[in-house]
Amino acid sequence: MLLCAAANAGNARSSLDELLGAELADFPGRAGLYVKHLGTGEVAGIRADDSFNSQSVIKIAILIRAFQLADRKQLDLDQRIEIQRADLRDGSGVLQFHSPGLAPTIRDLLLQMVITSDNTATDLLIVRIGGVEALNGWLAASGYPKTRKLNRGWEYRRKLLTLIDAQFARLTPEETTGLQYAMQESPLFERYAALFVGERAAWVDKVRSPAARESRLSWNRRMVEERRFWLGDMNPRETGQMIEAIERCTLVSQQSCAAMKWMLRSQLAGSRRLPHFLNVPVAHKTGDSALIANDVGIVYARSGAIVMAFFVNGITGALGDAEDRMGRIAQRVVAHFDGAASRPDAP
């Protein structure tokens, strides 16, 4: 009987590996995927140990560490943080659109970091958990030695700005954010106009110049190919193990675990990725840029919870097409475990 069970598990694993290999063979970009069924223990992966630019998927590590510190009474999730102009960050999230002076709780910041991938919330939280080096030290000590946060969001943006002019290497976070808005011709730049007077007025002209536009054409490619412009370095296997730790509540309390899973299930981004063609709940976190579409999380299939960590860097076609492919692959993985019950028309 034991030999039969082992053979069946081996055959299932082999068929799942074959499924993933076939699906990713002609994927429009460099894709890595790790899958684990938490009920059966079946595991499969393609490029599961390769490094990828995490983009905002690295925020999962911040989420876990914050709740762990809260469990230890070293972080008060009900503390309110007043957000000033110097704290605001461009990119994803909604807090940048509010007037300075808003005072959300740390719990509110964690929620926004997850469901809208808010960059302002993320930067404020990084400080509250001890900074980037403290986070990386915790990751290594917790069994994730290859997972690292490489830059804060404004830091890699500042590095990109230095491709326009080397003097931008000395920009403050606030100046970096202001120039990003200037470059984008965003109305939000008006908040920062007073920073760019006198000699600094030339900085605005520089980031809006034809030469700057030419430089920006390479930025998306550099964010894939050059690690110094990555937000974080992650691989599908360790990321999947981190997601499993959330599901199994091995790093934080049951109460904190429930709060994290609720946030991940309340996700407002990436509906075209892992959840797209599924009719079961999904708790997940995305990571994005023009050529990057990552999505990792827990699929609550009928056969049990399935961890999926899907990284796609260097998309070669339309972003939407890549997202649809991710959704179809997630659907086929669930069908592998659930069988006919996973069909979109199933009751």
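This tour moves from the whole chain to its nonpolar cores and then to three individual residues in loops.

**The whole chain**

Begin with everything displayed as a cartoon, bearing in mind that this is a predicted model. The protein has 13 helices and 8 strands, and its radius of gyration is 21 Å, close to the 20 Å that the globule rule gives for 347 residues, so the protein is as compact as a globular protein of that length. If you turn the C-alpha trace along its principal axes, the spans are about 80 × 45 × 40 Å. Buried residues make up 56% of the 347 residues, and, among contacts with a separation of 6 or more, 65% join residues 24 or more positions apart.

Next, switch on the surface, which comes to about 14600 Å² of accessible area, with 52% of it belonging to carbon and sulfur atoms. Colouring by charge will pick out 43 positive and 39 negative side chains, and the centres of these two sets lie 2 Å apart.

**The nonpolar cores**

In soluble globular proteins, nonpolar side chains tend to be buried together. Here, select Leu110, Leu161 and Leu179, which touch the most other members of the largest nonpolar core, a set of 80 residues. Then add helix 2 (residues 59-71), which gives this core its largest share, 9 residues. A second, separate core has 29 residues, and Leu16, Val280, Val282 and Ile315 are among them.

Return to Leu179 and show its surroundings: leaving aside neighbours within four places in sequence, Leu179 is in contact with Leu161, Phe168, Leu171, Phe196, Trp203, Val204 and Val207.

**Pro281**

Select Pro281, in the loop between helix 12 (254-265) and strand 6 (282-289). This proline is partly exposed, with a relative accessible area of 34%. Beyond its neighbours within four places in sequence, Pro281 is in contact with Arg265, Ile298, Val299 and Tyr300; a distance drawn between the C-alpha atoms of Pro281 and Ile298, which are 17 residues apart along the chain, should read 8.5 Å.

**Two loop residues with positive phi**

Is Lys73 buried or exposed? Lys73 lies in the loop between helix 2 and helix 3 (106-115), and it counts as exposed because its relative accessible area is 75%, where the cut-off is over 50%. Its phi is near 65°, a positive value in a residue other than glycine.

Finish at Ser117, in the loop between helix 3 and helix 4 (119-128). Ser117 also is not a glycine, yet its phi is positive, at about 55°. With a relative accessibility of 7%, Ser117 counts as buried.

Key
Residues are numbered from 1 along each chain as its sequence is written. This is a predicted model: local features need pLDDT of at least 70, side-chain atom pairs count only at pLDDT 80 or more; totals for chains, interfaces and linings use all residues. Side-chain values use heavy atoms; hydrogens and water are left out. Helices (H or I, at least four residues) and strands (E, at least two) are DSSP runs, numbered from the N terminus. The radius of gyration is taken over C-alpha atoms; the globule rule is 2.2 Å times the number of residues to the power 0.38. Buried means under 20% relative accessible area, exposed over 50%, partly exposed in between (1.4 Å probe, protein chains only). Contact means heavy atoms within 4.5 Å. Accessible areas come from the Shrake-Rupley method with a 1.4 Å probe; for residues, only the protein chains shown count as cover. Lys and Arg count as positive and Asp and Glu as negative; His and the chain ends are not counted. The place of a charge is taken as NZ of Lys, CZ of Arg, CG of Asp or CD of Glu. A nonpolar core is a set of buried Ala, Val, Leu, Ile, Met, Phe, Trp, Tyr and Cys residues joined through side-chain atoms within 4.5 Å.
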